[in-house]
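Colleague: I'm new to this structure and would like a close look at one part of it. Could you pick out how the helices pack and walk me through what surrounds them?

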Amino acid sequence: MTLELEQTLITPTPSGKQAQSRRRIGRRDNLAGYAFMTPWIIGFVFIIGGPVLASLYLSFTDYSVLGTPAWIGTDNYQRMFTEDPRFWESLRVTLTYLVISVPIVQVFALSLATMLTNRIRGLGAYRAIFYVPSLIGGSVAIAILWRFLFQGNGLLNNALGAIGVDTTFSWIGEPDTALYTLIVLNVWQFGSAMIIYLAGLKQIPGEMREAAIMDGAGPIRRFFSVTLPLLSPIIFFNVLMNVVGAFQAFNTAYIVSNGTGGPADSTLFYTLYLYQKGFVDFDMGYASALGWVLLVIVGIAAGGLFALSRRIVHYGDES
C-alpha cells in the first residue's frame with residue numbers, strides 16, 4: 001500500500017452534515033460579496049457599460065437628440081475620414097500638443113526630482129511648491145487666469161514692457177502661438193509626475209550607485225547607466241498617464257478659446273471638436289463616432305507604448 005493511500009485512509013472525511021454546513025457558509029459568504037459588489041455592478045452597467053454600448057449604436061445612426069436615431073451604417077465614419085477637414089485638424093492639434101508637451105513634462109519632472117533628492121534646506125517646502133500647480137493647473141480658474149496672462153494687455157506683455165520690450169501681441173489670439181500657451185500650461189503641471197519620479201529615485205539602492213562610483217563612473221554616466229534603467233518602469237508609467245491625459249485635454253482649450261477652438265482652429269483639441277459636434281451642433285451620431293475613433297486611437301497609442309516597453313523598460317525581477 002502506498003503512502004498516499006495510507007494518508008487518504010487516515011485523513012477523516014467530513015460527515016454529510018459538516019459538508020452541508022460548509023457549503024451553506026460558503027454560499028452565505030458569496031452572497032455577502034455579491035451584495036457589496038452590487039452598487040459597483042449597477043453603476044458600471046447603467047452609468048458606464050450601458051452608455052458605452054449605446055454610443056456604439058448611435059455612431060451608426062443620424063441622431064440629433066430630439067429625434068429618433070436613423071440607421072445610416074458607416075456614413076458617419078466615411079464622412080469623418082473623407083469629408084471633414086476639421087476632424088483631421090483636431091487630430092493634428094491634439095497630436096502636436098501631445099508630442100511636444102509630454103516629453104517636456106518628463107524632462108522637467110525628472111530633472112527637478114533628481115535635484116530634490118539632494119539634502120537642501122527647505123526641501124519639503126520646495127516639493128510642495130512644485131506640486132501645487134498639478135493640483136490646480138487643470139481647473140477652470142487657472143484656465144481663465146491663463147487667458148488673462150497671455151492676452152494683449154496681459155501680465156506677460158506688462159512684464160516684457162517693464163524690461164523695455166513694448167508689445168501688445170496677443171499670445172492666445174494668434175494661431176501661431178495659441179497652442180503653445182496651452183503646452184506651457186500643461187508643462188507647468190509637472191508636479192504630479194515629479195512626485196512619482198521622486199518616489200522612484202528613493203527606491204534605487206544606494207549600493208548600485210556606490211558600485212558605479214567604485215568603477216569610476218561620473219555623475220552623467222551613473223545617471224544614464226544606473227538611474228535611468230532602474231527608473232524605466234516609473235518613466236513608462238508617467239509617459240503612459242501623460243499620453244492618455246493629453247488625448248483627454250479639454251478644459252484649458254475650451255476656456256481659452258471660448259469653446260470655439262480658435263483662433264483659426266489652432267486650439268481645436270479632439271475632445272473639444274467632439275463636444276462641439278455633440279452639444280453645440282447636436283449631431284450625436286457623429287459625436288459618438290468621433291468618440292469611438294478616439295478610443296481606438298488611445299488604445300493603439302497605449303498598445304504601442306506597452307510593446308515598446310518590452311525593449312526599454314527593465315524590471316528588477318527580470319532574469
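**Helix packing and the loops beside it**

Modeller: Let's start with a pair of helices: N76, Y77, R79, M80 and F81 in α3 meet G285, Y286, A289, L290, W292 and V293 in α14. Sorted by class, that contact has eight nonpolar, two polar and one charged residues. Bear in mind that this is a predicted model. Helix α3 covers residues 75-82 and helix α14 covers residues 284-312; their axes come within 9 Å and cross at roughly 70 degrees. With a crossing like that, α3 and α14 are therefore roughly perpendicular to each other, and the crossing is right-handed.

Stay with α14 for a moment. The UniProt record, an unreviewed entry, puts "transmembrane region" features at several spans, including residues 289-308 and 222-241. In the model, residues 289-308 are 100% helix and 0% strand, with the end C-alpha atoms 29 Å apart. Residues 222-241 are also 100% helix and 0% strand, and there the end C-alpha atoms lie 27 Å apart.

Now for another helix pair. Helix α4 (residues 85-116) and helix α9 (residues 191-202) pack at an angle of about 45 degrees, and their axes are 8 Å apart. That angle falls outside the ranges for parallel, antiparallel and perpendicular, so α4 and α9 are oblique to each other. α4 passes α9 in a right-handed crossing. On the α4 side you'll find Q106, A109, L110, L112, A113, T114 and L116, and they meet A193, M194, Y197, L198 and L201 of α9. By class, this contact has 10 nonpolar, two polar and no charged residues.

L201 turns up again if you move to T227, which sits in helix α11 (residues 219-247). Not counting neighbours within four places in sequence, T227 touches L201, I204, R209 and R222. Its relative accessibility is 6%, so T227 counts as buried.

α4 also has a part in the setting of helix α8, residues 178-188. Eight of the 11 residues of α8 are buried, so the helix is largely enclosed by the rest of the structure. The buried ones are A178, L179, T181, L182, I183, L185, N186 and V187. They pack against α4, α6 (140-150) and α12 (251-256).

From α12, carry on into the loop between α12 and α13 (270-280), where you'll meet G259. G259 is buried, with a relative accessible area of 12%. Leaving out its neighbours within four places in sequence, G259 is in contact with Y254, L272 and Q276. To place it against α4's stretch of the chain, try I104: G259 and I104 are 155 residues apart in sequence and 26 Å apart in space, C-alpha to C-alpha.

That loop has a couple of backbone details to look for. P263 is in it too, and the peptide bond from G262 to P263 is cis, with omega near 5 degrees. D265 belongs to this loop as well, and D265 has a positive phi of about 60 degrees although it isn't a glycine.

One more positive phi is worth a look elsewhere. V65 lies in the loop between β1 (61-62) and β2 (70-71), and its phi is near 75 degrees, again in a residue other than glycine. With a relative accessible area of 35%, V65 is partly exposed.

Definitions and conventions: Residues numbered from 1 in each chain as written. Predicted model: local features only at pLDDT ≥ 70, side-chain atom pairs only at ≥ 80, totals over all residues. Heavy atoms only, no water. Axes fitted to C-alpha atoms, helices over the stretch in contact; angles between N-to-C directions. Helix = DSSP H or I, 4+ residues; strand = E, 2+ residues; numbered from the N terminus. Parallel < 35°, antiparallel > 145°, perpendicular 65-115°, else oblique. Left-handed = near helix turned anticlockwise from the far one by under 90°. Contact = heavy atoms within 4.5 Å. Nonpolar A, V, L, I, M, F, W, Y, C, P; charged D, E, K, R; others polar. Buried < 20%, exposed > 50% of the residue type's maximum accessible area, 1.4 Å probe, protein only. UniProt positions renumbered as here; feature names shortened; annotations may be inferred.
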